[in-house]
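Below is a short briefing on how the protein meets the DNA in this model. Look at the sequence and structure, then read the points by strand.

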Protein chains: 2
Amino acid sequence: MRADAARNRELILDAARNIFAARGLDAPLEEIASEAGVGIATLYRRFATREDLLAAVATRQIELFERALAKGLSDPDPWEGFSGFIRAIAEIQARLPGLAQMLMIPCHGPEDERAAAIFQGYLELVARAKKAGALRDDYVPEDLPMLLMANAGLLRETSRTAPKAWKRLVEYLLQAFRCREQQPLPSPPTPTQIRKIMSQPTD
Amino acid sequence: MRADAARNRELILDAARNIFAARGLDAPLEEIASEAGVGIATLYRRFATREDLLAAVATRQIELFERALAKGLSDPDPWEGFSGFIRAIAEIQARLPGLAQMLMIPCHGPEDERAAAIFQGYLELVARAKKAGALRDDYVPEDLPMLLMANAGLLRETSRTAPKAWKRLVEYLLQAFRCREQQPLPSPPTPTQIRKIMSQPTD
DNA sequence: CGATAAGTGGACGGGAGCCTCCACTTACTG
DNA sequence: CAGTAAGTGGAGGCTCCCGTCCACTTATCG
């Protein structure tokens, strides 16, 4: 790839992050191109479909997830590590409201190596917190995507008007995840179902 | 209004419920018109804007809410009454996935008399459950719209593939609402904020 | 520096959906 | 049973966005 093309690719990804975050995932690609200062054809040449572009943007945000995970894993208290990680992920969602949906992509399964590593690390956090008796043992890893989908729905409505509302939801859920006298829970969706959901078009 | 016009109005509302539920709130109005067997002009004459149509459909579904409320209020156990109501509302959402967002409309404040009555009844359920020491006392009425927005987000992603996933979310939240050794919660959005959110275009 | 192929911008055709307009139809009234 | 105004359908103009095409530009390499 030619040097100028590579530069443009970066410009497009920056613009896409901003526009998607501000306008939602169905923002016109033309707007992204013009924000990036390139023609629409350039964008299409790099990213044949909207999904390709979304995937590239998501991949780029993965660094934020890595930082959150590292922080969680380094916390000596298993519950603090786990809950801190959840809070951090939810906050990333909240910071980029339009991207909220999309940010679930890297966090449930092995798309690429880095995503897989994050997922592994997350499983480790879960295991530790359960072992310490802090996390209820009917918690399943799929409960995180569940939380993220729910949070995305809340953010969708509240991000403009009550930008902190998500915190309350997350705290409620964290308290529910905490080990106590538990009521039985309905069984969660299977990992296969989750995968299917994630792979379906983001409409 | 002429008799035939009234009939058509009903046909349109039926069609709108079906199409919105199946295709989402941004389904083409033309499709609704054709499902109803009327011309597009007829639809526009009755409902000048998409919002008018949505509001009319929502108003019609209000009966479901009334039934759920009556059941909750007649339950001798305050916690069962409250939690049963929440579950019922969430289930209505789940049954009409596309409408999920919209169904929050009648349930937060006095748009009309019936909606106001439901809201009052809900407050009563909350008061009873708190008094019985079953519902945590930092629960606020705005936590229901919060739950519904979150649930809408989850349904959006899962309704096709894991149509029961919402149950798990609701149970987690109900368990969190339950009175226990509580952690402090972030403060909820104010009723004013909620109202503002509800009145903004449903995009 | 000149050849060349990768890269680029913006015009353009096409499709989808919104909403209006208007000539035609039909329920109601006296 | 006629007059009338409310009601109706669907064509058509409009806007927005998609994705392609092609003549022009420019980085790179020998």
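A residue counts as near a molecule or strand if one of its heavy atoms lies within 4 Å of it. The model is predicted: local features need pLDDT of at least 70, side-chain atom pairs count only at pLDDT 80 or more, and totals for chains, interfaces and linings use all residues. Side-chain values use heavy atoms, with hydrogens and water left out.

**DNA strand D**
- Among the 23 residues around DNA strand D, R2(B), N8(B), G39(B), A41(B) and T42(B) come nearest.
- Sugar or phosphate holds 61% of the strand D atoms within 4 Å of the protein, and bases hold the rest.
- Polar contacts are pairs of N or O atoms within 3.5 Å; within protein, one must be able to donate a hydrogen and the other to accept it, and residues adjacent in sequence count only if both atoms are side-chain atoms.
- The side chain of R2(B) places an N or O atom 2.8 Å from a base nitrogen of strand D.
- Phosphate oxygens of strand D lie 2.2 Å from a polar side-chain atom of N8(B) and 3.2 Å from a backbone N or O atom of L29(A).

**DNA strand C**
- Strand C is surrounded by 23 residues, with R2(A), N8(A), G39(A), A41(A) and T42(A) the closest.
- Of the strand C atoms that come within 4 Å of the protein, 62% are sugar and phosphate.
- An N or O atom in the R2(A) side chain is 2.7 Å from a base nitrogen of strand C.
- Polar side-chain atoms of R45(A) and R50(B) lie 3.2 Å and 2.8 Å, respectively, from a phosphate oxygen of strand C.

Terms used: Residues numbered from 1 in each chain as written. Chains lettered and ligands numbered in written order.
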